[in-house]
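Please look over the sequence and the structure shown here before reading on. The report after them is meant for someone who has not met this structure before.

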Amino acid sequence: MRKMIDCREHPSETHCSLVLIGEEEEVLRAATEHAISVHGHTDSPELREQLRKALRNEVPQPA
């Protein structure tokens, strides 16, 4: 099952609305890059663990 992470679930000063969906490792990689470049976080094992815990299963949308 694909995973997703939604910035709207984590309030920020930028009011980011980005949603990432894909295989777990690619979403984690993209979310880490996004957290660093857009939200000013520092890359660390703690950041990656927080992001991993924030991953949810994708809820397929009806066609």
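What follows takes up the core, a helix, the largest pocket and several single residues in turn.

## The nonpolar core

This is a predicted model, and its largest nonpolar core is made up of 10 residues in all, namely Ile 5, Leu 20, Val 27, Leu 28, Ala 31, Ala 35, Leu 47, Leu 51, Ala 54 and Leu 55. The elements that contribute two or more residues to this core are H1 and H2, and H1 gives the most, with four residues. In soluble globular proteins, nonpolar side chains tend to be buried together.

Val 27, one of the core residues, touches Lys 3, Ile 5, Leu 20, Ile 21, Gly 22 and Leu 55 when residues up to four places away in sequence are not counted.

## The two sides of helix H2

Within H2, the residues Leu 47, Leu 51 and Ala 54 are buried. Because these three cover an arc of only 55° around the axis, they are placed on the same side of H2. An α-helix has 3.6 residues a turn, so residues three or four places apart point the same way.

On the other side of H2, by contrast, Pro 45, Glu 46 and Lys 53 are exposed. The buried residues of H2 pack against S1, H1 and strand S3, the last of which covers residues 56-57.

## The largest pocket

The largest pocket holds about 340 Å³ of space. It is lined by 21 residues, of which Cys 7, His 10, His 39, His 41 and Leu 51 are the closest to its centre. By type, the lining residues divide into 12 nonpolar, seven polar and two charged.

At least two residues of this lining come from each of strand S1 (3-6), strand S2 (19-22), H1 and helix H2 (45-54). Which element gives the most to the lining of the largest pocket? That element is H2, with four residues. Leu 51 therefore appears in more than one part of this picture, being among the residues closest to the pocket centre, a member of the largest nonpolar core, and one of the residues on the buried side of H2.

## A buried threonine in helix H1

Thr 32 lies in helix H1, which covers residues 24-37. Is Thr 32 buried or exposed? With a relative accessible area of 2%, which is under the 20% that marks the limit for a buried residue, Thr 32 is buried. Leaving aside its neighbours within four places in sequence, Thr 32 is in contact with Asp 43, Leu 47, Arg 48 and Leu 51, and of these Leu 47 and Leu 51 are buried residues of H2.

## Residues with more exposure

Met 1 lies in the segment before S1 and is exposed, because its relative accessible area is 70%. Apart from residues up to four places away in sequence, Met 1 touches Asn 57 and Glu 58. Met 1 and Arg 29 are 28 residues apart in sequence, and their C-alpha atoms are 17 Å apart in space.

His 15, found in the loop between S1 and S2, is likewise exposed, with a relative accessible area of 68%. The phi angle of His 15 is near 55°, a positive value in a residue other than glycine.

Ile 21 in strand S2 is partly exposed, with a relative accessible area of 40%. Not counting residues up to four places away in sequence, Ile 21 touches Arg 2, Lys 3, Met 4, Val 27 and Glu 58. Between Ile 21 and His 41 there are 21 Å in space, C-alpha to C-alpha, and the two are 20 residues apart in sequence.

Note on methods: Residues numbered from 1 in each chain as written. Predicted model: local features only at pLDDT ≥ 70, side-chain atom pairs only at ≥ 80, totals over all residues. Heavy atoms only, no water. Buried < 20%, exposed > 50% of the residue type's maximum accessible area, 1.4 Å probe, protein only. Contact = heavy atoms within 4.5 Å. 1 Å grid on protein atoms, 1.4 Å probe; cavity = no way out; pocket = protein on both sides within 12 Å on 5 of 7 lines; lining within 4 Å. Points joined across faces, edges and corners; volume = space filled by probe spheres on them. Nonpolar A, V, L, I, M, F, W, Y, C, P; charged D, E, K, R; others polar. Core = buried A, V, L, I, M, F, W, Y, C linked by side-chain atoms within 4.5 Å. Arc of directions from axis to C-beta.
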